[in-house]
Amino acid sequence: MTFSCNSDTSISYSGSYRSYLGHGRVGIPKKCRCGCDVALRKCDDGTKFYTSKGNTMDGEPHLRMWWDEAIVEELGELKDSLADLCTQVQDMAMDCGRLEKLLG
Ligand SMILES: [Zn+2]
């Protein structure tokens with residue numbers, strides 16, 4: 001993935017933001033890996049991206065991530081969580097069924 005954006009903050013970054021983020025986290029970034037807050041910024045063409053608010057020595061933000069890709073990943077995570085919850089609810093319903101039979 002190439003990260004490029006025409007704004008006065010002149011952004012160009014290529015590589016995987018997954019490894020860039022570290023910790024194997026996906027979805028909407030909540031905190032930068034250094035602990036600083038994450039800001040949602042907009043390019044001149046309206047494309048949105050997440051970046052860290054923290055200042056670094058070389059002036060390069062720690063974090064850059066396209067907003068739409070973050071949303072897609074976040075949705076994927078939510079779907080997985082939902083599937084897990086559904087399985088748990090089904091298991092609980094089966095347990096309840098067994099208990100009801102036991103209690104006659
Ligand atoms: Zn940072």
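Which residues does Cys 34 touch, not counting residues up to four places away in sequence? In the predicted model described here, Cys 34 touches Gly 54 and His 62 when those sequence neighbours are set aside. Cys 34 itself lies in the loop between α1 and β3, and its C-alpha atom is separated by 9.1 Å from that of Ser 52, a residue 18 places away along the chain. Cys 34 counts as exposed because 10 C-beta neighbours fall inside 10 Å, where the limit for an exposed residue is 12 or fewer.

The protein chain contains two helices and five strands, which follow one another from the N terminus in the order β-β-α-β-β-β-α. Of its 104 residues, 11% count as buried. Among the contacts that join residues at least 6 apart in sequence, 36% link residues at least 24 apart.

Confidence varies along the chain and bears on how each part is read. The average pLDDT of the protein chain is 79, and 72% of the residues score at least 70. By element, confidence is lowest in helix α1 (residues 17-21), with a mean of 43, and highest in α2, with a mean of 93. The pLDDT is below 50 over residues 7-24, a stretch that nevertheless has 23 contacts in the model beyond near neighbours in sequence.

Three of the strands form an open sheet in the order β3-β4-β5, with antiparallel pairing. Its edge strands are β3 (38-42) and β5 (64-66), each of which pairs on one side only, and the twist from one strand to the next averages 25 degrees. In general, the strands of a sheet pair through backbone hydrogen bonds, in either a parallel or an antiparallel arrangement.

Within this sheet, β3 and strand β4 (residues 48-52) pair in the antiparallel sense over five bridges. The register of this pairing can be followed from one end of β3 to the other: Val 38 stands opposite Ser 52 in β4, Leu 40 has Tyr 50 as its bridge partner, and Lys 42 is partnered by Lys 48. Ser 52 is thus both the residue facing Val 38 and the one whose C-alpha atom is separated by 9.1 Å from that of Cys 34. The two strands form a hairpin with five residues between them, and in the turn Gly 46 adopts a positive phi of about 95 degrees.

On the other side of the pairing scheme, β4 and β5 are joined in the antiparallel sense over three bridges. Tyr 50 stands opposite Met 65 in β5, and Tyr 50 is also the bridge partner of Leu 40, so that this residue of β4 takes part in the pairing with both edge strands, each of which pairs on one side only.

Helix α2 (residues 67-103) lies across β3, β4 and β5 and runs at about 75 degrees to β5. The length of the helix is consistent with its residue count: at 1.5 Å a residue, its 37 residues should span 54 Å, and the end C-alpha atoms are 53 Å apart, which agrees. Despite its position across the sheet, α2 is hardly covered, since the count of buried residues among its 37 residues is one. Just after the helix, Gly 104 takes a positive phi of about 60 degrees.

Glu 74 offers a local view of the surroundings of helix α2, in which it is found. With 14 C-beta neighbours inside 10 Å, Glu 74 counts as partly exposed, because this number lies between the limit of 12 or fewer for an exposed residue and that of 20 or more for a buried one. Leaving aside neighbours within four places in sequence, Glu 74 is in contact with Gly 27 and Ile 28. Glu 74 and Pro 29 are 45 residues apart in sequence, yet their C-alpha atoms are 9.3 Å apart in space.

Technical notes: Residues numbered from 1 in each chain as written. Predicted model: local features only at pLDDT ≥ 70, side-chain atom pairs only at ≥ 80, totals over all residues. Helix = DSSP H or I, 4+ residues; strand = E, 2+ residues; numbered from the N terminus. Axes fitted to C-alpha atoms, helices over the stretch in contact; angles between N-to-C directions. Contact = placed C-beta atoms within 7 Å. Expected span 1.5 Å × (residues − 1). pLDDT = per-residue confidence, 0-100.
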